[in-house]
Every structure is written in C-alpha cells, then in structure tokens.
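Here are a few short exercises to work through with the structure in view. Try each task yourself before you read its solution.

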Amino acid sequence: MADTLSARRRGLPAPLHDLAREPRTYARLAWTWTRAVAQYPMALSLFTFGVTLASLAEMGAVVVVFAHAGTLAGFTVYEGLLVYALAAFSFGAAQLLTGSVDRLGEHIRTGSFDTMLVRPVSPLVQLAADQFSPRRFGRIVPALVVLVVALVMCDIDWTLERILMLPVLLTSGVVICTSVWLIAGCLQFFATDAREAANSVTYGGQALTEYPIAIYGRGLVRSVTYVVPLAFVSWQPALHLLDRADPTGLPGFLRFLGPVVAVALALVAAQVWRFGLRRYRSTGS
C-alpha cells in the first residue's frame, strides 16, 4: 500500500489491479454525490431545468443565425445543428465526467488536495468525481435529441461504414474534450488562480465548435486542427458523415483521424497530469 501511495504521489503508474479498480471507484464516488444531491429533489430539478434551458438557448441561437444567413459555409440549418449537437454532446459528457477538474486550484489553496493524495485512490479519480451532479444531464440529453433530429433530416448516405463510425466519432469527441479539460485544469498546478484561463479554453472551445469552423479565419481553423484539435470534435466528424469536401482546403484524410487524435491527446493529458503532480508542493510546504 505504501509503495502504491508513493507512486501516486510522484505521478507514476499504479499496479494494474489498482488501475482496473479505478472505474469502479469513480462510479461509487459519483453515485455517492448523486445520492447526496438527490436529498433535495426540488433543487436538483430546478438546476437541471436551468441547465436544459441554457442548452436550448444555445441551440436557438444557432437556429436564429442560420435563419438570417440561410447557409453558413455552405451548411444548411440542419447540417449546422449536426455540428452543434456533436460539439454540445462531447463537451457536455466531458463536463459531466471531469468538469470538477477545473476546481483544482481551489483544492490546492484549501489543502484538500493533500487529503486526496494520501487516500488509497487515484487523486485524479477523486478530483474528477468531486461534486458529481446529474443536473449536467440537462445539457447532454437535449444535445442527443438534436443530434438524432439532425441525423434524420440531413441528407446522409448511411453506409455500413458510417453507421459503425458514428459511435466511434462520438466517443472520440468525448475523449478529446475530456483531455482538453484535464490539460487546461492542470494549469492550476502552476498558477492556482488560472481557472478562468482554463475555462476560456474549455467553454470557449465549446462555443467555437458549435458552428462550422469554415466561417472563421484560416489561422484559427489551422489552430483548432493542428494545435488544440477541437476540429475533430464536431467539424471533421460532420464532414465525414455528410461526405462533404472541406471548404477550408484542409486534407480530406483528416476526417478519419478523430480516434487517433483522441488517443494521442489522452496520452498527452496523462503526461501533463503526471508532470504537474510530480512538481506539486503541499500547501504547507
């Protein structure tokens, strides 16, 4: 046990049997928080309703923009809603699973992160599951509904390959968003007040990817493709499903790289977390 805790403190991999136990531990922690929140059903219902209204307002903004413009970058309103739904679902799921990571700076300031380090559970699992709330489903469920409607209304040639790729693209988008959330949250290892900077990447990235990125400048398009690969959350998957040429002029093979980008970014996020954890100094040190 002491060796395992020491390895976690240094950010090194734990034994395989511990790693296999982490998903179950996360589920138990999330269920504990869910039961705690469910003790106040009225508050939970109101918060969930509020989150749902906010999500519908974002969707309404997309519809209004397309209603005035007709098309954006050659995309119709339902194709635009497809882009929106892919982004909203991926970011919503990432926020549900790891949204609490952006509170790392608060835990460091109060000393509660030190408590996480001495428990026989990965500090990342504890941090991600902290204050888990089912109200965040108020963002995911509307996104799924809009996604289904958009997939039905868009002119998509449903080959076997596209049917099989749809869940892969959705999973890849969630992994990319989760990795970006973790990397941004790790900034607080070095500047505990960097939460707003981290939010500008996560929430700002969501707002950016809810529209066809071809409406932005060439520099920004290349940045969200090659630097912070948010284009693989909604834009490239939409091009793949619609079998549409990329109006920005980027190579067509990029639409197939979503799973590769997701795995690579997850590995980068893991290394960034370990780097920050190794260099973390206790609040009292």
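## Exercise 1: A glycine in its surroundings

In this predicted model, Gly185 has a relative accessible area of 0%, so this residue is buried.

**Task.** Find the helix that holds Gly185, and list what Gly185 touches beyond four places away in sequence.

**Solution.**
- Step 1: Look along helix H9, residues 160-185; Gly185 belongs to this helix.
- Step 2: Leaving out residues up to four places away in sequence, the contacts of Gly185 are Val101, Leu104 and Ala198.
- Step 3: Now pick Gly111, which lies 74 residues from Gly185 along the chain; their C-alpha atoms are 17 Å apart.

## Exercise 2: Two packed helices

**Task.** Work out how H4 runs relative to H8: roughly parallel or roughly antiparallel?

**Solution.**
- Step 1: Helix H4 (residues 77-98) packs against helix H8 (residues 137-153) at about 150°, and the axes are 8 Å apart.
- Step 2: Angles over 145 degrees count as roughly antiparallel, so H4 is roughly antiparallel to H8.
- Step 3: The crossing of H4 and H8 is left-handed.
- Step 4: Among the residues that meet are Leu81, Phe89 and Leu96 from H4, and Ile140, Leu147 and Met153 from H8.
- Step 5: Sorted by class, this contact of H4 with H8 has 20 nonpolar, two polar and one charged residues.

## Exercise 3: One side of a helix

**Task.** Which residues of helix H11 (residues 218-227) are buried, and what is included in their cover?

**Solution.**
- Step 1: Val221, Val224 and Thr225 are the buried residues of H11.
- Step 2: Viewed down the axis of H11, these buried residues fall within an arc of 100°, so they line one face of the helix.
- Step 3: Their cover includes helix H10 (195-209).

Key:
Residues are numbered from 1 along each chain as its sequence is written. This is a predicted model: local features need pLDDT of at least 70, side-chain atom pairs count only at pLDDT 80 or more; totals for chains, interfaces and linings use all residues. Side-chain values use heavy atoms; hydrogens and water are left out. Axes are lines fitted to C-alpha atoms, for helices over the stretch in contact, and angles run from 0 to 180 degrees between N-to-C directions. Helices (H or I, at least four residues) and strands (E, at least two) are DSSP runs, numbered from the N terminus. Angles under 35 degrees count as roughly parallel, over 145 as roughly antiparallel, 65 to 115 as roughly perpendicular and the rest as oblique. A crossing is left-handed if the near helix is turned anticlockwise from the far one by less than a right angle, and right-handed if clockwise. Contact means heavy atoms within 4.5 Å. Ala, Val, Leu, Ile, Met, Phe, Trp, Tyr, Cys and Pro count as nonpolar, Asp, Glu, Lys and Arg as charged, and the others, Gly among them, as polar. Buried means under 20% relative accessible area, exposed over 50%, partly exposed in between (1.4 Å probe, protein chains only). The arc is that of the directions from the helix axis to the C-beta atoms.
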